Amino acid sequence: MTQISRFIGEVVPVAQRVTGDGGESAAPDGGGGFADYALVSLHCLRIYLDTSYRMTIDLLKEMPQIIGEIGLDAADLPAPSTLCKAFDRISMSVCRVLLRQSAQLHDLSEHAAIDATFYDRSPASRHYCQRISYRVQKLKVTKLVDTASQAVLDVHCSTNREGSDADLAEQIARRNAGDLRSLAADKGYDKQSLREGLRDLGIRPLIKHRIFAPYDHAHNARIDDTRYNQRSMTETVNSAVKRSLGFAVRARSWFREFREIALMCVVYNIKRFVKQ
């Protein structure tokens, strides 16, 4: 069995659990539409293959075994424009549940690290940029990563760099409070309110203090260095995602870009599970 076969063999059950339509026919039946899990699986394959909508459909026509895992055949594949429009119907909440389900394929340690990175927006023509006020060239993406399995637990996307990273970290931690025992971050997240908020959630903060006074050295000395040094796993994951799935998003509108980033993390989690 090839790696792509093992990949789609894991994607389809996850998509069926999240969308809740696993009992439906993947292809249109009696004038209906494609099942949601089939469209989600096709989009995951598109990101896995790192190709355009048209090229994805062309490649899948030559892969009957792969599309057969979804419940389709070559004649059932949607047109590239249909697949593109279907992406708008995948809500960000569904992408988050997909991400969580893909992370649970791994043995999670309850110890996580958080950090931000930047993704390029695909180059567009000058006329297109002026027509839709397409000025932001990079997306800021913050990932919460399990330090043992290197699975992405949660992700946050933004088109601007305003706001505090510490406030954003607390927001992400609250969404995952029941699954975390500690959270490591670099000095960019040094904020007392974040530490207090994490302790209120039952999460041990592993964040070094910036040195302003002698007692800050004492605070840093009490931090578990072994756990704290695992924060570098976020940088490892960010590098692995960009090297394997690309450092830019193909979508043009910000809300489609956010969904694409979330699905990239889903694909990364499942690829890593398949390799293991």
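So, is F255 buried, partly exposed or exposed? At 33% relative accessibility, F255 counts as partly exposed. Before I go on, keep in mind that what we're looking at is a predicted model.

Let me stay with the aromatics for a bit. A pair of rings is described by the distance of the centres and the angle of the planes. In this model there are 3 aromatic pairs. Take F7 and Y48: these two are stacked, at 4.3 Å centre to centre with 25° between the planes. What I like here is where they come from: F7 is in helix α1, residues 3–19, and Y48 is in helix α2, residues 36–49. That's 41 residues apart, so to speak a link between distant parts of the chain. And both F7 and Y48 are buried.

Then back to F255, which forms an edge-to-face pair with W254, 5.8 Å centre to centre and 90° between the planes. Add F258, and ring pairs link W254, F255 and F258 into a cluster.

Rings also have charges over them. R46 lies over the face of F87, 5.3 Å from the ring centre. Over at Y119, the charged end of K242 sits above the ring, 5.1 Å from its centre.

Okay, on to the strands. How many of the 7 residues of strand β3 are buried? The count is 7 of the 7, across residues 152–158, so β3 is largely enclosed by the rest of the structure. Its partner here is β2, residues 138–146: the two run antiparallel, and 6 bridges join them. If you want one bridge to find on the screen, go to T142, whose bridge partner in β3 is H156.

Between β2 and β3 the hairpin has 5 residues, and Q150 is the one to look at there. Most residues other than glycine have a negative phi. Q150 isn't a glycine, yet its phi is positive, near 60°. With 16% relative accessibility, Q150 counts as buried, since the cut-off for buried is under 20%.

There's another case of that kind at E110. Phi of E110 is positive too, about 70°, and again the residue is not a glycine. You'll find E110 in the loop between α6, residues 92–103, and β1. As for accessibility, E110 comes out at 35%, which makes it partly exposed.

A quick stop at P80, in helix α5, residues 80–86. Its relative accessible area is 18%, so P80 is buried. Look across to R54: the C-alpha atoms of P80 and R54 are separated by 5.1 Å, although the two are 26 residues apart along the chain.

Last topic, the inside. Which residues line the largest cavity? They are I114, D115, A185, D186, R231, T234 and E235. β1, residues 111–121, and α12, residues 233–245, each supply at least two residues of that lining. By type, the lining divides into 2 nonpolar, 1 polar and 4 charged residues. How much space are we talking about in the largest cavity? About 30 Å³. And the count of cavities of 30 Å³ or more comes to 1.

To pull a few threads together: a stacked pair between α1 and α2, a β3 strand with 7 of its 7 residues buried, and a cavity lining with 4 charged residues. That's my tour, thanks.

Key: Residues numbered from 1 in each chain as written. Predicted model: local features only at pLDDT ≥ 70, side-chain atom pairs only at ≥ 80, totals over all residues. Heavy atoms only, no water. Buried < 20%, exposed > 50% of the residue type's maximum accessible area, 1.4 Å probe, protein only. Helix = DSSP H or I, 4+ residues; strand = E, 2+ residues; numbered from the N terminus. Pairing = 2+ DSSP bridges. Phe/Tyr/Trp six-rings, centres within 6.5 Å; stacked < 30°, edge-to-face > 60°. Lys NZ or Arg CZ within 6 Å of the ring centre and 35° of its normal. 1 Å grid on protein atoms, 1.4 Å probe; cavity = no way out; pocket = protein on both sides within 12 Å on 5 of 7 lines; lining within 4 Å. Points joined across faces, edges and corners; volume = space filled by probe spheres on them. Nonpolar A, V, L, I, M, F, W, Y, C, P; charged D, E, K, R; others polar.
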